[in-house]
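Welcome to this structure. Here are a few notes to read alongside it, mostly on its aromatic rings and its cysteines.

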Amino acid sequence: MKTIKKIVITGGPCSGKSTMLNLIENTFTEKGYKVLIVSETATELIRGGISPLGSPDNMFIFQDYLLNLQFKKEEVYEKAAREMDADKIIILYDRGLLDNKAYVPKEEFEQILEKFNTNENELIDRYDLVLHLVTTANGAESHYTLGNNAARSESLDDARKIDELTLNAWIGHPRLKIFDNSTDFEGKVERVLKEIYNDLNEFTPTGHTRKYLVNLDTTVEENITNVSEKMDIVQHYLKSTDENVERRIRQIGIGDNYTYYYTEKNTVNNSRTFKRERKINAKSYLSYLSEIDNQLFTVIKTRYCFVYENQYFKLDIFNNDNNSGILEIEATNQNDEVSLPNFLDIKEDITKHTIYSNYEIAKRNYVCK
């Protein structure tokens, strides 16, 4: 049975929306979902030269343009979701229609909605889940920046005000969830993903990743391919001026489709690692190739993703090692208990062995020699 889950990611300026959208897409694509992203319409219009600056009348007209385009975009994405050959679909909205209520007086917003023969209650009913990310201007001021969005110009005070107005615009939605800055961004990501897992009735990972070395010599390949989704991954490591920052780009192929990611990992005090990842286009990917660190090998692998006894596994098989693969799982049991697949020959638990990280494998170009 086809299921389509419609999720809004909203929040004030510099709240982490763009990074969050990429992480959600990456996480649930690997879990067998088809993830569609409806881009932020306001930014799209501003970058295209249609600006709300000037008199209040201009803002009213801009909102009219904005809702007109956003209604049409959402209609196209929802039609595509219904018609595409996929059973589990998530539509992520980079801001929903009610976000626009934050930028005009209530009476004017109601007038605009009348033009489209709708009302606020109908807009609320369009979405299954609304996730509000609080701006870093409120509680994480040192991380507030205007540099990652050319359409952004708000001061700290302005960002806090817009954040409050945006949140108030969604009050009344039965599945409105708020994610503040009481943790670092990684904690914010964990809380958001947990909420989506719950909404999808999926088992929620505990955040504790376990790794196992798999003997491929005694594993029947058909047992893997018959139960899994396959993706091809090419991973290049880039030069870095900071020894604590690991930079990489990845190309992920699922069938005939390819997606590209740029990732930075920052290690603090030789212990905790902070990860930042964003989706990039093919042109940017090709541009980054000029920064490849030639002292590290390119990691090329095939990833098989599958579910076994309500646990989600990823098995990586590297192109230059036909003897050993690496099995990974984020435990869903708080005690980290894992029921290992009976069709794999597990050699050992390598969770605490750093030599099996992709970065270390890129240094030596093989898994376990």
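1. A definition helps at the start: rings of Phe, Tyr and Trp (its six-membered ring) pair if their centres lie within 6.5 Å, and planes over 60 degrees apart count as edge-to-face. Please keep in mind that this is a predicted model. By that rule, the count comes to 11 aromatic pairs.

2. One of the 11 aromatic pairs joins tyrosine 237 and tyrosine 359, edge-to-face, at 5.3 Å centre to centre and with 75° between the planes. Tyrosine 237 belongs to strand E7 (residues 229-238) and tyrosine 359 to helix H10 (residues 358-364), so the pair ties together parts that are 122 residues apart in sequence. Tyrosine 237 is buried, at 3% relative accessible area, whereas tyrosine 359 is partly exposed, at 29%.

3. Next, look at tyrosine 308 and phenylalanine 343: their ring centres are 6.1 Å apart and their planes meet at 85°, so this pair is edge-to-face. Tyrosine 308 sits in strand E11 (residues 299-308), and phenylalanine 343 in the loop between strand E13 (324-330) and strand E14 (346-349), 35 residues apart. Tyrosine 308 is buried at 15% relative accessibility, and phenylalanine 343 is buried at 17%.

4. Which residues do ring pairs link into a cluster? They are Phe306, Tyr308, Phe313 and Phe343.

5. A charge also sits over a ring here: lysine 88 lies over the face of tyrosine 33, at 4.4 Å from the ring centre.

6. Finally, the cysteines. A search of the whole structure finds 0 disulfides. Cysteine 14 is buried at 8% relative accessibility, and cysteine 305 is buried at 3%.

Key
Residues numbered from 1 in each chain as written. Predicted model: local features only at pLDDT ≥ 70, side-chain atom pairs only at ≥ 80, totals over all residues. Heavy atoms only, no water. Disulfide = S-S within 2.5 Å. Buried < 20%, exposed > 50% of the residue type's maximum accessible area, 1.4 Å probe, protein only. Phe/Tyr/Trp six-rings, centres within 6.5 Å; stacked < 30°, edge-to-face > 60°. Helix = DSSP H or I, 4+ residues; strand = E, 2+ residues; numbered from the N terminus. Lys NZ or Arg CZ within 6 Å of the ring centre and 35° of its normal.
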